[in-house]
Amino acid sequence: MKGGKSKAAPRRTDTKLKSKSAGAGKKAGKAGKDPNKPKRPASAFFVFMEEFREKYKKEHPNNKSVSAVGKAGGEKWKSLTEAEKAPFVSRAEKRKVEYNKNMVAYNKKLADGDTGADEEESDKSKSEVNDDEDEEDER
């Protein structure tokens with residue numbers, strides 16, 4: 001062959017790819033997310049984008065591209081003055097205050113150890129076990 005590798009030479013696989021794919025599963029020791037935890041509030045830009053998406057969809061009804069909406073929204077946000085951004089910033093601040101209140105309540109609930117569903121299950125299992133024992137005693 002001219003200047004290339006022979007076909008008989010074995011191909012080496014990329015060892016980095018192998019190691020990444022082997023560890024790509026779940027991380028060991030990481031606790032799952034709590035579905036009851038409050039979501040973080042949207043920033044001023046995302047509050048702006050909520051409104052901007054509706055306007056953009058009305059003006060461009062045939063547009064199906066999410067990236068086009070995002071790019072147009074980003075350009076519009078950059079062109080706004082601080083005075084024009086102020087209503088979105090104030091709405092974002094209100095959401096942040098509400099989030100902080102919810103997080104305080106959530107953390108207090110965790111500190112108190114209130115896990116309503118777990119307590120109900122444990123009570124049920126105890127009573128079921130006791131019922132089974134009572135039935136055996138009666139025989």
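# A walk from lysine 85

Select lysine 85 and show its surroundings: leaving aside residues up to four places away in sequence, Lys85 touches Trp77 and Leu80, where contact means heavy atoms within 4.5 Å. Before moving on, please note that this is a predicted model, in which local features need pLDDT of at least 70 and side-chain atom pairs count only at pLDDT 80 or more, while totals for chains, interfaces and linings use all residues. Residues are numbered from 1 along each chain as its sequence is written, and side-chain values use heavy atoms, with hydrogens and water left out.

**Stop 1: the lysine itself**

Colour residues 82-112 and you will see helix α4, the home of lysine 85. Helices here are DSSP runs of H or I with at least four residues, strands are runs of E with at least two, and both are numbered from the N terminus.

Is lysine 85 buried or exposed? Lysine 85 is buried, and that word means under 20% relative accessible area; exposed means over 50%, and partly exposed is in between (1.4 Å probe, protein chains only). Lysine 85 has no salt bridge. A salt bridge needs a side-chain nitrogen of Lys or Arg within 4 Å of a carboxyl oxygen of Asp or Glu. Now select glutamate 82, the nearest side chain of opposite charge to lysine 85, at 4.3 Å. For charge, Lys and Arg count as positive and Asp and Glu as negative, with His and the chain ends not counted.

**Stop 2: zoom out**

Switch to a cartoon view of the protein. There are 5 helices and 0 strands, giving the pattern α-α-α-α-α along the sequence. Of the 139 residues, 14% count as buried. Turn on a surface next: the protein exposes about 12700 Å², with carbon and sulfur atoms supplying 51% of that area (Shrake-Rupley method, 1.4 Å probe; for residues, only the protein chains shown count as cover). Among contacts with a separation of 6 or more, 71% are between residues 24 or more positions apart.

**Stop 3: the aromatic rings**

The structure holds 8 aromatic pairs. Rings of Phe, Tyr and Trp (its six-membered ring) pair if their centres lie within 6.5 Å; planes under 30 degrees apart count as stacked, over 60 as edge-to-face and the rest as tilted.

Select phenylalanine 45 and tryptophan 77. Their pair is edge-to-face, 5.8 Å centre to centre with 75° between the planes. Phenylalanine 45 sits in helix α2 (residues 44-59) and tryptophan 77 in helix α3 (residues 66-79), so this pair ties together parts that are 32 residues apart in sequence. Phenylalanine 45 is partly exposed at 24% relative accessible area, whereas tryptophan 77 is buried at 15%.

Keep tryptophan 77 and add phenylalanine 48. These two rings form a tilted pair, 5.2 Å centre to centre and 45° between the planes. Phenylalanine 48 belongs to helix α2 and tryptophan 77 to helix α3, so here the parts tied together are 29 residues apart in sequence. Phenylalanine 48 is buried, with a relative accessible area of 5%.

Which residues do ring pairs link into a cluster? Select Phe45, Phe46, Phe48, Phe52, Tyr56, Trp77 and Phe88 to show them together.

**Stop 4: the salt bridges**

Side chains of opposite charge can pair when their charged atoms come close. How many salt bridges does the count come to? The count is 3.

Start with arginine 95 and glutamate 50, which meet at 3.0 Å, N to O. Arginine 95 is in helix α4 and glutamate 50 in helix α2, so the pair ties together parts that are 45 residues apart in sequence. Arginine 95 is partly exposed at 34% relative accessibility, and glutamate 50 is partly exposed at 36%.

Next, select glutamate 51 and lysine 55, a salt bridge of 3.7 Å, N to O. Both lie in helix α2, 4 residues apart, about one turn of the helix. Then add arginine 91, whose side chain meets that of glutamate 51 at 3.5 Å, N to O. This pair links distant parts of the chain, from arginine 91 in helix α4 to glutamate 51 in helix α2, 40 residues apart. Glu51, Lys55 and Arg91 are thus on screen as a network of salt bridges.

**Last stop: colour by confidence**

Finish by colouring by pLDDT, the predictor's confidence in each residue, from 0 to 100. The protein's mean pLDDT is 77, and 60% of its residues reach 70 or more. Select residues 118-125: pLDDT stays under 50 there, and the model has 1 contact beyond four places in sequence for this stretch. Where pLDDT is low, the predicted coordinates should not be read in detail.
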